[in-house]
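Thanks for coming. I will keep this short, and you can follow along on the screen.

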Amino acid sequence: MKLEVIVLPVADVDRAKNFYTGLGWREDADFATGDDFRVVQFTPPGSPCSIIFGTGVTSAPPGSARGLHLVVDDIEAARSELADRGANPSEVFHDEGGVFHHGGGKARLPGPAPDRASYGSFLSFDDPDGNGWYLQEITTRLPGR
């Protein structure tokens, strides 16, 4: 099995479309079959998984998708690009436990992981509806990944 699509709940489809276009994500589709159903699909650069949002595609409240993760090999460069593209990213942080970040901002320490350890540095940003994204820096993958 392969993860293909994540559905994002949004309040304003065109605002979301403008945001993800501004991030430089590829627009794959924008189909409508009337006023009550529209599907818009975007794919982050280099990702095999896409996002879908639109009208009539989910009953989840707008902004309720949290903890979505994107992987980058240079968190500082990715932060700079997101900031340049208007995404308002957080500062880079790492978790005091060094394994994975805690939810809700607990146990976060400023800056990248010590020695820039792979899997240890993060930043976050939200889309205009509040759907929450994290970037995680991975420079060397664990065996089997």
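I will go through a sheet, a pocket and two single residues. Keep in mind that this is a predicted model.

Let me begin with the sheet. It is an open one with five strands, in the order β5-β9-β8-β6-β7, and the pairing is mixed. The edge positions belong to β5 and β7, and β7 covers residues 108–110. Each of these two has a single partner strand, so one side of each has no neighbour in the sheet. On average, neighbouring strands here are turned by 40 degrees against each other, if direction is ignored.

Now look at one pair inside that order. Strand β8, residues 121–126, runs antiparallel to β9, and six bridges join the two. To pick out one position, Phe-125 has Trp-133 in β9 as its bridge partner. Helix α2 packs on the sheet and touches β5, β8 and β9. The direction of α2 makes about 15 degrees with that of β8.

Next, the pocket. How much space lies in the largest pocket? About 610 Å³. Its lining is made up of 24 residues, and those nearest the centre are Pro-44, Pro-45, Ser-47, Leu-70 and Val-71. Four elements give two or more residues to this lining: β4 (50–55), β5 (68–72), α2 (75–84) and β9 (132–137). The largest share, five residues, comes from β5. So the edge strand β5 is also a contributor to the pocket lining. Sorted by class, the lining has 18 nonpolar residues, four polar ones and two charged ones.

That leaves the two single residues. The first topic is Lys-17, which lies in helix α1, residues 13–22. Is Lys-17 buried or exposed? Its relative accessibility is 18%, and because the cut-off for buried is under 20%, Lys-17 counts as buried. Setting aside neighbours within four places in sequence, Lys-17 is in contact with Glu-27, Asp-30, Arg-38, Val-40, Phe-42 and Phe-53.

The other residue is Asp-35. You will find Asp-35 in the loop between β2 (26–32) and β3 (38–43). Asp-35 has a relative accessibility of 82%, and therefore counts as exposed, the cut-off being over 50%. One distance to note: from Asp-35 to Gly-56 there are 21 residues in sequence, and 9.3 Å in space, C-alpha to C-alpha.

That is what I have for today.

How values were computed:
Residues are numbered from 1 along each chain as its sequence is written. This is a predicted model: local features need pLDDT of at least 70, side-chain atom pairs count only at pLDDT 80 or more; totals for chains, interfaces and linings use all residues. Side-chain values use heavy atoms; hydrogens and water are left out. On a 1 Å grid over the protein atoms alone, a cavity is a set of points where a 1.4 Å probe fits but cannot get out, and a pocket is an open set with protein on both sides within 12 Å along at least five of seven lines; lining residues have an atom within 4 Å of a point. Grid points are joined across faces, edges and corners, and a volume is the space filled by probe spheres set on the points. Ala, Val, Leu, Ile, Met, Phe, Trp, Tyr, Cys and Pro count as nonpolar, Asp, Glu, Lys and Arg as charged, and the others, Gly among them, as polar. Buried means under 20% relative accessible area, exposed over 50%, partly exposed in between (1.4 Å probe, protein chains only). Contact means heavy atoms within 4.5 Å. Two strands pair if DSSP finds at least two bridges between them. Axes are lines fitted to C-alpha atoms, for helices over the stretch in contact, and angles run from 0 to 180 degrees between N-to-C directions.
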